Each structure stands twice: as structure tokens, then as C-alpha cells.
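Here is a quick tour for anyone opening this entry for the first time. Have a look at the picture, then read on.

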Amino acid sequence: MAITREAFAEKGNREGQLDCSHGLTLDLRYHQPLLLVCDRENRRLCHFDPDGKYVGTVTQHLHRPCQVSFKGDYAVVSELEGRVTVLDGDNVPIAFLGDNPQKPQWANYDLDPRDIKAGAFSAAHGCFIDSDANIFVSDWNRTGRVTKLAKRKSES
């Protein structure tokens, strides 16, 4: 089997360019599957088709996005600068979770996880949504930290 290698999205901040492509996933929320790329240093998410053609910028003004996970039409974005953003099906932010007001803790690898307030993030680096809509977030630091944000049980 022959393997071919193609690269796309040169470094920059214009449409179709990336500055530190970080997380990459397949976005199945639309009529065709699209690659969703976390363009970390440009603080945005971008769509490309499977052949590498730039489709568009999904959302901007994020806090250095690292990874995206999906549940239905919703996308959860872990952000290196201390928060997790939930986007609706139109990619509009509808919630900011664990938003850390302590800027010195943002993206601080040397931070001791015990110094981060419960419910806040220092460097949300990875995220995953399980089948029950619980959100798991990994913080990037010298020892690591995983937080489970449990979905509230609806009251009867």
C-alpha cells in the first residue's frame, strides 16, 4: 500500500492559514464531514474539507483552543487559558465553564494543581463528553489534573 503525504494550511493568520494547529477532529454536524482544527494561537476554530480546502472560520475570540468534543449539535472546546467553552449548533458560545479569573494560572505548566480552585481550570488542554453528557477536562501542568463536570440530574 502506497502512502501519500499532503500538507495544507501554512502558518499565518489569514483565512486558510493556521498558527499552531493543535486539536483536530471530524465534525459530523453538517451535510458533509469537515475537519475541525483548533487554530490555537489565532484563537479560533477552522473547518477544512477532507482534501484540505479551507471552508471557513467556525468561531473566534477563544482562549487558545486545544481540543473539541461533540454531543449532538453541541461542541465543547478546551482552552489553554483557563476555561471550557460550549458552542451550539451554529457555533455560538452558550456557556463558559471553569472560567479562571486568575490570569497568572493560565497556561502555567509549573502550577501545582492543588493551587487551582475547584471548578476552575488553569490550562484546559483536553476534553471529552460521554454518552450521559458529562464533560471530562484535562488540565496541562506538571502533574496533570482531570476534572469531571457532571450533568445535573433533572428534577422530577
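## Rings that meet

Searching the whole structure turns up 3 aromatic pairs. Keep in mind as you read that this is a predicted model.

Let's start with Phe8 and Phe48, an aromatic pair of the tilted kind, with 5.2 Å centre to centre and 50° between the planes. Phe8 belongs to the segment before β1 (21–27) and Phe48 to strand β3 (residues 44–48), so this pair ties together parts that are 40 residues apart in sequence. How buried or exposed are these two rings? Phe8 has 38% relative accessibility and so counts as partly exposed, whereas Phe48, at 1% relative accessibility, counts as buried.

Next come Tyr109 and Trp140, which also make a tilted aromatic pair: 5.1 Å centre to centre, with 50° between the planes. Where do they sit? Tyr109 is found in the loop between β8 (93–97) and β9, and Trp140 in the loop between β10 and β11, so the pair ties together parts that are 31 residues apart in sequence. Tyr109 counts as partly exposed because its relative accessibility is 38%. Trp140 counts as partly exposed too, at 33% relative accessibility.

One more name joins the story here: Phe8, Phe48 and Tyr54 make up one aromatic cluster.

## Strands side by side

Which strands build the open sheet? There are 3 of them, in the order β9-β10-β11, and their pairing is antiparallel. β9 (124–129) and β11 (145–149) are the edge strands, as each of them pairs on one side only. From one strand to the next, the twist averages 20°.

Zooming in, β10 (residues 135–139) pairs with β11 over 5 bridges in the antiparallel sense. Within that pairing, Ile135 stands opposite Leu149 in β11.

Another antiparallel partnership is the one between β5 (residues 65–71) and β6 (residues 74–79), joined by 6 bridges. Here Pro65 stands opposite Glu79 in β6. The β5 and β6 hairpin has 2 residues between the strands, and Gly72 in this hairpin takes a positive phi near 60°.

As background, the strands of a sheet pair through backbone hydrogen bonds, in either a parallel or an antiparallel way.

## Backbone oddities

Most residues other than glycine have a negative phi. That makes a couple of residues here worth a look.

What is the phi of Arg64? The value is positive, about 65°, although Arg64 is not a glycine. You'll find Arg64 in the loop between β4 (54–59) and β5. Its relative accessibility is 16%, so Arg64 counts as buried; the cut-off for that is under 20%.

Ala107 also has a positive phi, near 50°, in a residue other than glycine. Its place is in the loop between β8 and β9, which is also where Tyr109 lies. With a relative accessible area of 23%, Ala107 is partly exposed.

Here are those two residues set out next to each other:

| Residue | Phi | Place | Relative accessibility |
|---|---|---|---|
| Arg64 | about 65° | loop between β4 and β5 | Arg64: 16%, buried |
| Ala107 | near 50° | loop between β8 and β9 | Ala107: 23%, partly exposed |

Technical notes
Residues are numbered from 1 along each chain as its sequence is written. This is a predicted model: local features need pLDDT of at least 70, side-chain atom pairs count only at pLDDT 80 or more; totals for chains, interfaces and linings use all residues. Side-chain values use heavy atoms; hydrogens and water are left out. Two strands pair if DSSP finds at least two bridges between them. Helices (H or I, at least four residues) and strands (E, at least two) are DSSP runs, numbered from the N terminus. Axes are lines fitted to C-alpha atoms, for helices over the stretch in contact, and angles run from 0 to 180 degrees between N-to-C directions. Rings of Phe, Tyr and Trp (its six-membered ring) pair if their centres lie within 6.5 Å; planes under 30 degrees apart count as stacked, over 60 as edge-to-face and the rest as tilted. Buried means under 20% relative accessible area, exposed over 50%, partly exposed in between (1.4 Å probe, protein chains only).
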